[in-house]
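Subject: Structure for your review

Dear colleague,

Please find below the structure that I am passing on to you. My notes on what was found in it follow directly after.

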Amino acid sequence: MERVRSPLARLVLVLVIAGCAVPEAATTTGTPASTTTEAPAPTSTVEPLVECPPIPYRVEVLPVRARGAPADLGSIELDEFTAIGGTRSVFWVDGEGALTVALVRGSLPPRDWPGERGEVMVAGMKAVVGPFDQGRWVAAWFEGGGARCDLYTMVFYPPVDPSEVEAALASITRSD
């Protein structure tokens, strides 16, 4: 065997010999084991939702198409304003049972106001009012410290006459 003189050639020779000396890697078949790490579920105590007390307002003037006493909840199709858990609502319908006005205690409009709005006074409280969407008009105000049951929304369902909205809001008085 010829003697290797170059340092580079020696290194290559050592690597070749070392490579031959390493045993062949074991091969396995089947599905490799997988591990998943899940964070433990947070534990918290959720307070039970308490229904707001009755609405302390009387509405003396309603739109012309609103008929009679407030409607039974069972005959009303709930929407984004009226289907919020824990709220207290009063509904007025027209002669055919279609929703005309809803007064809701315990929430403000469920999303940002899409259009222009103005300010009015409702039973001595500053409120915002204006067209919302889908032909509805909405008034919203809060009283007290801003706790959930201090929030009020009044929804006027189409067709809406702005002068009737103004008259209804101006007629609201506290009943307590």
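The largest cavity holds about 50 Å³ of space. In this predicted model, a search of the whole structure returns one cavity of 30 Å³ or more. Its lining is formed by Pro63, Arg65, Thr100, Phe156, Tyr157, Pro159, Val160, Asp161, Glu164 and Val165. Sorted by class, the residues lining the largest cavity comprise six nonpolar, one polar and three charged.

Two strands of interest contribute to that lining: Thr100 and Phe156 are both among the lining residues, and strand 3 spans residues 99-105, while strand 7 covers residues 151-156. These two strands run antiparallel and are joined by five bridges. Within strand 7, threonine 153 is the residue that stands opposite valine 104.

Strand 3 also pairs with strand 2 (residues 88-93), again in the antiparallel sense, over six bridges. Here valine 93 has leucine 99 of strand 3 as its bridge partner. The hairpin made by strand 2 and strand 3 has five residues between the strands, and glycine 97 adopts a positive phi near 90 degrees there.

Is strand 3 largely enclosed or open to its surroundings? Seven of its seven residues are buried, so strand 3 is largely enclosed by the rest of the structure. As a general point, the side chains of a regular strand alternate between the two faces of the sheet.

After strand 3 the chain enters the loop that leads to strand 4 (118-122), and proline 110 is found in this loop. Proline 110 has a relative accessibility of 41%, and it therefore counts as partly exposed, the range for that class lying between 20% and 50%. Apart from neighbours within four places in sequence, proline 110 is in contact with Glu80 and Phe81. Between the C-alpha atoms of proline 110 and phenylalanine 81 the separation is 6.8 Å, although the two residues are 29 residues apart along the chain.

Finally, a word on confidence. The protein has a mean pLDDT of 78, with 70% of its residues at 70 or more. Over residues 1-37 the pLDDT is below 50, and this stretch has four contacts in the model beyond near neighbours in sequence. Where pLDDT is low, the predicted coordinates should not be read in detail.

With kind regards

Technical notes:
Residues are numbered from 1 along each chain as its sequence is written. This is a predicted model: local features need pLDDT of at least 70, side-chain atom pairs count only at pLDDT 80 or more; totals for chains, interfaces and linings use all residues. Side-chain values use heavy atoms; hydrogens and water are left out. Helices (H or I, at least four residues) and strands (E, at least two) are DSSP runs, numbered from the N terminus. Buried means under 20% relative accessible area, exposed over 50%, partly exposed in between (1.4 Å probe, protein chains only). Contact means heavy atoms within 4.5 Å. Two strands pair if DSSP finds at least two bridges between them. On a 1 Å grid over the protein atoms alone, a cavity is a set of points where a 1.4 Å probe fits but cannot get out, and a pocket is an open set with protein on both sides within 12 Å along at least five of seven lines; lining residues have an atom within 4 Å of a point. Grid points are joined across faces, edges and corners, and a volume is the space filled by probe spheres set on the points. Ala, Val, Leu, Ile, Met, Phe, Trp, Tyr, Cys and Pro count as nonpolar, Asp, Glu, Lys and Arg as charged, and the others, Gly among them, as polar. pLDDT is the predictor's confidence in each residue, from 0 to 100.
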